[in-house]
Amino acid sequence: MAAGTADFVVIANRLPVDRVTAPDGETLWRKSPGGLVTALEPVMRSNGGAWIGWHGASDEKLKPFDHDGLQLVPVHLTEQEVAEYYEGFSNATLWPLYHDVVVAPEFHREWWDSYVKVNRRFAEKAAKVARKNAVVWVQDYQLQLVPRMLRELRPDLRIGFFLHIPFPPTELFQQLPWRKEILEGLLGADLVGFQMPGAAQNFVRLVRQRVGHKTHRDLVYLPDGRTVMARAYPISIDAAGFEELARTPHVLARAAEIRESLGNPTTVILGIDRLDYTKGLRQRLRAFGELIAEGSLHVDDAVFVQVATPSRERVQQYKILRDDINRLVGRINGDVGRIGHQPIQYLHASYPREEMAALYRAADVMVVTPLRDGMNLVAKEYVACRYDNRGSLVLSEFAGAASELKSAYQVNPHDINGLKASLLEAVQSGPRTSAKRMKAMRKQVMENDIERWAGNFLRELNEGPGAHAMTLRPSAP
Ligand code: GDG
């Protein structure tokens, strides 16, 4: 296949831009706020980089276009593919399976067929835009077959893969009817990256058991002589960017305004999550409701602000969750609320980044209680915004972030009594204790930002076993 012009190619389910309509009716693309694009932008610019992804609308074919100096290559999806590849296999099969089967994964053969077909489309696009010997970085669970498909088309490429969500224990992964195909798909990469060392070990063990390849520690030896490396690269955030935002007068004023409009309570407790059944919203709301009901916290003193960003709204389990949380919030507020004092302020909406920073600044206690989470960036964003060393973080031990944020109040979210005790301890902690904990967490987050994460991954991809002459140029200062 003829090669293209990009020396560095990122492949992700979504392009890093959203379409917006300007007041004059013109449609424009606006860069989406994620940390991934911020981290990769400089490398892309220095390497004539291209980003391949879906543009977010179904049944629409768009030509490649440039945005802010980045080459964007849209992949089209039909309405049926959105339902089967994206909402179906990615989000109703793989997502629950990889998150400890928190809800039952659905296995449908037509969803799998669609997943294969769409993965091939992404691989074919990449094969066209990558220059000879280019570096290609495939992102996440929607595209696990791409590394192998791409290698078959373009054996000259150096291919990396990163999984943003957990990789399940072998006993759960075995349930997947297409387990061997997924493992073989990932083995098309030279480097397979995970959030946690345990996930990389799960993968290597499965490869040994299910595919029968020889392995040693983090290496897999393939019969064709290639070696694949599987390692952990815990992802992070644009920490300095968040801190800078949190320091702006506008954000500080807005934080004060938020507290004011909540009635200036002694304690503001905050949760911010996509509305997802993995995030442990039920557990934390129940814990808070019980603390108020039994008088450990008083409704005049403590307010819980829960932002639940709308997510995957056409997937059945997400509809069920939305109704459940609505009911639970209504019940708690009805049971323990008073006129003018709703203990839970529940916001089913998404907000600009500035508002997120203001919320982080306004919160005395941040509660992050996923039942399972690859990393959890919200926990790190809260820490990055607390440059005053104030505020406490209650963090699930089942979030990847727990292995780095050891000074958080760590909890088992299934243990409601334990959760209540930790929440209360965090609310009642004195300034010296919380400053000590926050300082330790800030050191970790500010030093290990997303730029370092991307740098580590790309360096090891470039230098790992079997690497050819390095083609990736370091980003310009
Ligand atoms: C997956 C993995 C892993 C949320 N609401 C709004 C908003 N957000 C932003 C947060 C944060 C991001 O979305 C959410 O990231 P998380 O890490 O918390 O969770 P997932 O979406 O599940 O992400 C996860 C991550 O990938 C990265 O590898 O950490 O484990 O599940 O950045 O700030 N941003 C804005 N408005 C909102 O209303 N602007």
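These are my notebook entries on a predicted model, ordered by the part of the structure I looked up.

**Entry 1: the ligand site**

I started with the ligand and asked which residues are closest to it. The shell holds 20 residues, and the closest are His 164, Tyr 351, Asp 373, Leu 377 and Glu 381. I then went through polar contacts of the ligand. An oxygen atom of the ligand lies 2.5 Å from an N or O atom in the side chain of Asp 373. A ligand nitrogen atom is 2.7 Å from an N or O atom in the Thr 309 side chain. With Asn 376 the partner is a polar backbone atom, at 3.0 Å from an oxygen atom of the ligand. I also looked up the cover: on its own the ligand has 730 Å² of accessible area, and the protein covers 82% of that. Two elements give two or more residues to the shell, helix H12 (353-362) and helix H13 (377-385).

**Entry 2: helix H12**

Since H12 lends residues to the ligand shell, I checked its burial next. How many of its 10 residues are buried? The count is 8, so I noted H12 as mostly covered, buried being under 20% relative accessible area. I listed them as Glu 355, Met 356, Ala 357, Ala 358, Leu 359, Tyr 360, Arg 361 and Ala 362. For their packing partners I found helix H8 (239-246), helix H9 (249-261), strand S13 (267-274), S14, strand S16 (365-368) and H13. H13 thus appears in two of my lists, as a partner of the buried residues of H12 and as a contributor to the ligand shell.

**Entry 3: Pro 310**

I looked up Pro 310 in the loop between strand S14 (302-309) and helix H11 (316-336). Its relative accessible area is 32%, so I recorded Pro 310 as partly exposed. Leaving out neighbours within four places in sequence, I found Pro 310 in contact with His 348, Ala 349 and Ser 350. I also took the separation of Pro 310 from Gly 374: 64 residues in sequence, and 19 Å in space from C-alpha to C-alpha.

**Entry 4: Gln 144 and helix H4**

Is Gln 144 buried or exposed? I put Gln 144 down as buried because its relative accessibility is 0%. The residue sits in the loop between strand S7 (130-139) and helix H4 (146-153). Apart from neighbours within four places in sequence, Gln 144 has contacts with Leu 94, Tyr 98, Tyr 115, Asn 119, Phe 161, Ile 182, Gly 185 and Leu 186.

I went on to H4, where Val 146, Pro 147, Met 149, Leu 150 and Arg 151 are buried. Their cover includes strand S1 (6-14), helix H3 (109-129), S7, strand S8 (158-162) and helix H6 (179-186).

**Entry 5: Leu 183**

I followed H6 to Leu 183, which is placed in that helix. Leu 183 has a relative accessible area of 0%, so I marked it buried. Residues up to four places away not counted, Leu 183 touches Phe 167, Phe 173, Phe 203, Leu 206, Val 207, Arg 210 and Val 211. Leu 145 is 38 residues from Leu 183 along the chain, and their C-alpha atoms are separated by 8.4 Å.

**Entry 6: positive phi values**

Most residues other than glycine have a negative phi, so I looked up two that do not follow this.

Asp 68 has phi near 55°. I found Asp 68 in the loop between strand S5 (65-67) and strand S6 (70-75). Its relative accessibility of 54% is why I count Asp 68 as exposed.

Val 101 also has a positive phi, of about 55°, and is not a glycine. Val 101 is in the loop between helix H2 (79-98) and H3. With a relative accessible area of 24%, Val 101 goes down as partly exposed.

**Entry 7: helix H16**

I closed with H16, residues 450-463. The helix has 14 residues and reaches 20 Å from first C-alpha to last, close to the 20 Å expected at 1.5 Å a residue. Which of its residues are buried? I listed Ile 450, Trp 453, Ala 454, Phe 457, Leu 458, Leu 461 and Asn 462. They lie on the same side of H16, because they cover an arc of only 155° around the axis. An α-helix has 3.6 residues a turn, so residues three or four places apart point the same way. On the other side of H16 I found Glu 451 and Glu 463 exposed.

Conventions: Residues are numbered from 1 along each chain as its sequence is written. This is a predicted model: local features need pLDDT of at least 70, side-chain atom pairs count only at pLDDT 80 or more; totals for chains, interfaces and linings use all residues. Side-chain values use heavy atoms; hydrogens and water are left out. Helices (H or I, at least four residues) and strands (E, at least two) are DSSP runs, numbered from the N terminus. Buried means under 20% relative accessible area, exposed over 50%, partly exposed in between (1.4 Å probe, protein chains only). Contact means heavy atoms within 4.5 Å. The expected span of a helix is 1.5 Å times one less than its number of residues. The arc is that of the directions from the helix axis to the C-beta atoms. A residue is near a molecule or strand if one of its heavy atoms lies within 4 Å of it. A polar contact is a pair of N or O atoms within 3.5 Å; within protein, one must be able to donate a hydrogen and the other to accept it, and residues adjacent in sequence count only if both atoms are side-chain atoms. Accessible areas come from the Shrake-Rupley method with a 1.4 Å probe; for residues, only the protein chains shown count as cover.
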